[in-house]
Amino acid sequence: MTTTLATLRGLSVSYRREGAQTFALRDVDLDIATGGRLAIIGESGSGKSTLALALAGLLPPEASLAGTIDWPGLDHVPVAGRDIGMVFQDPGSSLNPVLTIGEQVSEGAVRHLRLGRATARQRALDLLARVRIPQPQAALAAYPHQFSGGQRQRIAIACAIAASPRLLIADEATSALDMIVQAEITELLDTLVREDGMSLVFITHDIALAAKLADRIAVFRDATLVEVGPARQVLARPSQDYTRSLIATHIDFSAPRLIDERA
Ligand SMILES: Nc1ncnc2c1ncn2[C@@H]1O[C@H](COP(=O)(O)OP(=O)(O)OP(=O)(O)O)[C@@H](O)[C@H]1O
Ligand SMILES: [Mg+2]
C-alpha cells in the first residue's frame, strides 16, 4: 500500500518585483509518496527549486506562500536538516571550506540526534564509508578542498543524511559533474534511498536520469505543474506537447532506449 508523505494543495509562491507580484509557483497540487522517487523536470525558471525550498520550509522571508503543505506521513512538521535532507548542485555551497569533513558530517547528528561528540564522530565515520569516501578515518581531519568535485558531493550527501531524514531533496545534485561521476552519484543516491526507505524528490534537466531513478515525474512550466504521473507513462505517452518537447531535446541520448526498456 502506498502511503503519502506530503500533500501540496493549491500551493502558490510569489515574489514582489518592481511593485508587481510574480509567481514562482502557481496553484500546485501534488502528492509525495512515502518511499517514492519523484523527479521534477521543466525549463529554467519554471519553479523547480522554489518547490524544493517550499517543501523544506526554507523559502526566503520575501516569498509569499498560499495554499497548504501537509505531512500525513509524519507526526510533526518536518525540520530541514533532520527530517528533510537537501543536496544542491554545488557542494561548495553546502560545505564550509574552513571546517573539517568530520566536523561537518557529524554536525547534523550532534544537533538533531543529540549525539555526544564521540558517538557523532563514529557516525561521521560510518557515513563517509557509506558514501564510499576512501580512507574515511583520514578524511575526518581533512578539508573540502582536498577532495574532488565528485567526492565533495558524496560528502555533501553524507551531511544530508546524517540525521536519517525521511525525505531527501536533490536539486540538480549531479549537474555540475562529469558523466562518469554523475552516474556514480546517481547510483549512490539510488542505493541510499533504497536502503533507508527514504523518499526522494530530485530536480533534474536530465531526462535520462529521471527515467533511471524516478517512479513518478512532475513537469513544470512557467510556475505551473503541467503534468504528473508514473515515470513510464509521462516519458512514453506524455499528455502535454511541452513534455514531448522536453523529451525531444534528449532524443539523441539514452532516454528513448530507457523508455523502451520500461514500457
Ligand atoms: N528570492 C527570490 N526573489 C525573487 N524572485 C525569485 C526568488 N527566487 C526565485 N525567484 C523567481 O522564481 C522563479 C522560479 O525560480 P526557480 O529558482 O524556482 O526556478 P528553477 O525551475 O529552479 O530554475 P533553474 O532550472 O534555472 O534552477 C524565477 O522566475 C525566479 O526568478
Ligand atoms: Mg533551480
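**Exercises: two enclosed cavities**

β2 (20–33) and β3 (37–42) each supply two or more lining residues, that is at least two, to the second largest cavity. Helices (H or I, at least four residues) and strands (E, at least two) are DSSP runs, numbered from the N terminus. The model is predicted, and totals for linings use all residues. Residues are numbered from 1 along each chain.

**Exercise 1.** Find how many cavities of 30 Å³ or more the structure holds, and give the volume of the largest.

Solution.
- Set the term: on a 1 Å grid over the protein atoms alone, a cavity is a set of points where a 1.4 Å probe fits but cannot get out; lining residues have an atom within 4 Å of a point.
- A volume is the space filled by probe spheres set on the points, which are joined across faces, edges and corners.
- Count: two cavities reach 30 Å³ or more.
- The largest has about 60 Å³.

**Exercise 2.** Describe the lining of the largest cavity.

Solution.
- List the residues: A170, E172, A173, T174, L189, F202, I203, T204, L209 and L213.
- Assign elements: β7 (199–203) and α8 (207–213) each give at least two.
- Sort by class: Ala, Val, Leu, Ile, Met, Phe, Trp, Tyr, Cys and Pro are nonpolar; Asp, Glu, Lys and Arg are charged; the others, Gly among them, are polar.
- Result: seven nonpolar, two polar and one charged.

**Exercise 3.** Do likewise for the second largest cavity.

Solution.
- Its volume is about 40 Å³.
- D31, I32, A33, G36, R37, L38, L200, D215 and R216 line this cavity.
- β2 supplies the largest share, three residues.
- By class, the lining has four nonpolar, one polar and four charged residues.

Terms used:
Chains lettered and ligands numbered in written order. Predicted model: local features only at pLDDT ≥ 70, side-chain atom pairs only at ≥ 80, totals over all residues. Heavy atoms only, no water. 1 Å grid on protein atoms, 1.4 Å probe; cavity = no way out; pocket = protein on both sides within 12 Å on 5 of 7 lines; lining within 4 Å.
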